[in-house]
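Hello,

I am passing a structure on to you, and I thought a short tour might help when you open it. Please have a look, and then read on for what turned up.

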Amino acid sequence: MNSETELAPAVKSILAAARERSGGEGVVNVDARSISDALARAEADGRVPVIAEVKPTSPTADGTRTDDPVELAEAMVEGGAAAISVLTEPTHFGGSPEALTRIREAVDVPVLRKDFVLDEAGMDVVAADLLLVIARFVDDLSELVAAARDRGFQPLVEVHDRDELEDALEAGAEIIGVNNRDLAKLEVDLETFESVAPHAPDDVTVIAESGISSPVDARRMREAGADALLVGSAIMDHGADESDVTENTRRLTRAETAESTTETETT
Ligand SMILES: O=C(O)c1ccccc1NCC(=O)[C@H](O)[C@H](O)COP(=O)(O)O
């Protein structure tokens, strides 16, 4: 792992909690739903490929949503989400592996396990179609990417700068997420994706992660080359328990329709 000295206190706390958690019993074996097929289906339908995130809370959220995670995921699919991301981290994000399992049973799109997996044992907690591996937090990225594939997961390797992108490519990553959130300050800057993504080869699926809050942002990330967008906060709208998750998803999945592009929306 890279040095932790530059990480935000909340992120250090997340990593400490991840080290405390034990892995599952046995080795997970997944028959994964293809993410590339799901993204292609969205494109063919004229939807922006959005991976909508069930994220009950987070260190930067305004509050906590207590809705049933399955209802949230179904509402996101109704809004056109190509795939669902589920935070399974319990202490800082209010998630659980059980919620992911229930969601995966209820929806037919691919489901990403979003957590802070530091080693192979951490993978063997719950079956999912995709598994997040954060380049900055693991010692041997190649080994973890291979271990994820051995289990049937499609590994999504998260990077934040060009050096990490090179590490991800060397490790054989085929799906790479560029996180606009700086884990040192917890600030988001969409320029991160714009500066890193163009250096990924064309045959890699590139996902813009974090900080996408409007159709304008969605179009901006697509223009910078995003094959898909990972969106949590703008869809969950943590400050408002009654906020309509289907509508929040739909305004992003429809960001490239003629109706949406003629709007002067900036928020
Ligand atoms: O979201 C946070 O507050 C956070 C804090 C510390 C580490 C990671 C964090 N988020 C994880 C994520 O990657 C996001 O949930 C995901 O990319 C969606 O981001 P957003 O649309 O900005 O909620």
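A residue counts as buried when its relative accessible area is under 20%, as exposed when it is over 50%, and as partly exposed in between. By that standard, 52% of the 267 residues of the protein are buried. Please keep in mind that this is a predicted model.

First, the overall picture. The protein has twelve helices and ten strands. Its radius of gyration is 17 Å, close to the 18 Å that the globule rule gives for 267 residues, so the protein is as compact as a globular protein of that length. Along the principal axes, the C-alpha atoms fill a box of roughly 50 × 40 × 35 Å. If you take the contacts between residues at least 6 apart in sequence, 67% of them join residues at least 24 apart.

As for the surface, the protein exposes about 11,500 Å², and carbon and sulfur atoms supply 43% of that area. There are 24 positive and 56 negative charges, and the mean positions of the two sets are 2 Å apart.

Now for some individual residues, beginning with two that are buried.

Ile35 is in helix 2, which covers residues 35-44. With a relative accessible area of 4%, Ile35 is under the 20% limit and therefore buried. Which residues does Ile35 touch, once its neighbours within four places in sequence are left aside? The contacts are Ile51, Ala83, Pro110, Leu130, Gln154 and Ile175. For a long-range separation, take Glu259: Ile35 and Glu259 are 224 residues apart along the chain, and their C-alpha atoms are separated by 27 Å.

Ile134 belongs to strand 4, residues 130-134. Here the relative accessible area is 7%, so Ile134 is buried too. Not counting residues up to four places away in sequence, Ile134 touches Asp115, Phe116 and Glu158. Between the C-alpha atoms of Ile134 and Gly63 there are 25 Å, with the two positions 71 residues apart in chain numbering.

The next residues are partly exposed.

Ser142 sits in helix 6, which spans residues 141-150. Its relative accessibility of 36% lies between the 20% and 50% limits, which means that Ser142 counts as partly exposed. Leaving aside the neighbours within four places in sequence, Ser142 is in contact with Glu170 and Ala171. Ala168 is 26 residues from Ser142 along the chain, and the C-alpha atoms of Ser142 and Ala168 are separated by 8.0 Å.

Asp67 can be found in the loop that runs between strand 1 (50-54) and helix 3 (69-78). Is Asp67 buried or partly exposed? At 25% relative accessibility, Asp67 is above the buried range and so counts as partly exposed. The side chains of Asp67 and Arg65 are joined by a polar contact of 2.8 Å. Beyond the neighbours within four places in sequence, Asp67 is in contact with Leu72 and Asp241. Pro56 is eleven residues from Asp67 in sequence, and the C-alpha to C-alpha distance between Asp67 and Pro56 is 8.1 Å.

Finally, two backbone angles that you may want to look at.

Leu186 has a phi near 65°, which is a positive value in a residue other than glycine. Where is Leu186 placed? Leu186 is in the loop between strand 7 (181-182) and strand 8 (187-188). The relative accessible area of Leu186 is 22%, so this residue is partly exposed.

Asp237 also has a positive phi, near 45°, and is likewise a residue other than glycine. Asp237 lies in the loop between helix 10 (233-236) and helix 11 (245-253). With a relative accessible area of 32%, Asp237 is partly exposed.

That is the tour; I hope it makes a handy starting point.

Best wishes

Note on methods:
Residues are numbered from 1 along each chain as its sequence is written. This is a predicted model: local features need pLDDT of at least 70, side-chain atom pairs count only at pLDDT 80 or more; totals for chains, interfaces and linings use all residues. Side-chain values use heavy atoms; hydrogens and water are left out. Helices (H or I, at least four residues) and strands (E, at least two) are DSSP runs, numbered from the N terminus. The radius of gyration is taken over C-alpha atoms; the globule rule is 2.2 Å times the number of residues to the power 0.38. Buried means under 20% relative accessible area, exposed over 50%, partly exposed in between (1.4 Å probe, protein chains only). Contact means heavy atoms within 4.5 Å. Accessible areas come from the Shrake-Rupley method with a 1.4 Å probe; for residues, only the protein chains shown count as cover. Lys and Arg count as positive and Asp and Glu as negative; His and the chain ends are not counted. The place of a charge is taken as NZ of Lys, CZ of Arg, CG of Asp or CD of Glu. A polar contact is a pair of N or O atoms within 3.5 Å; within protein, one must be able to donate a hydrogen and the other to accept it, and residues adjacent in sequence count only if both atoms are side-chain atoms.
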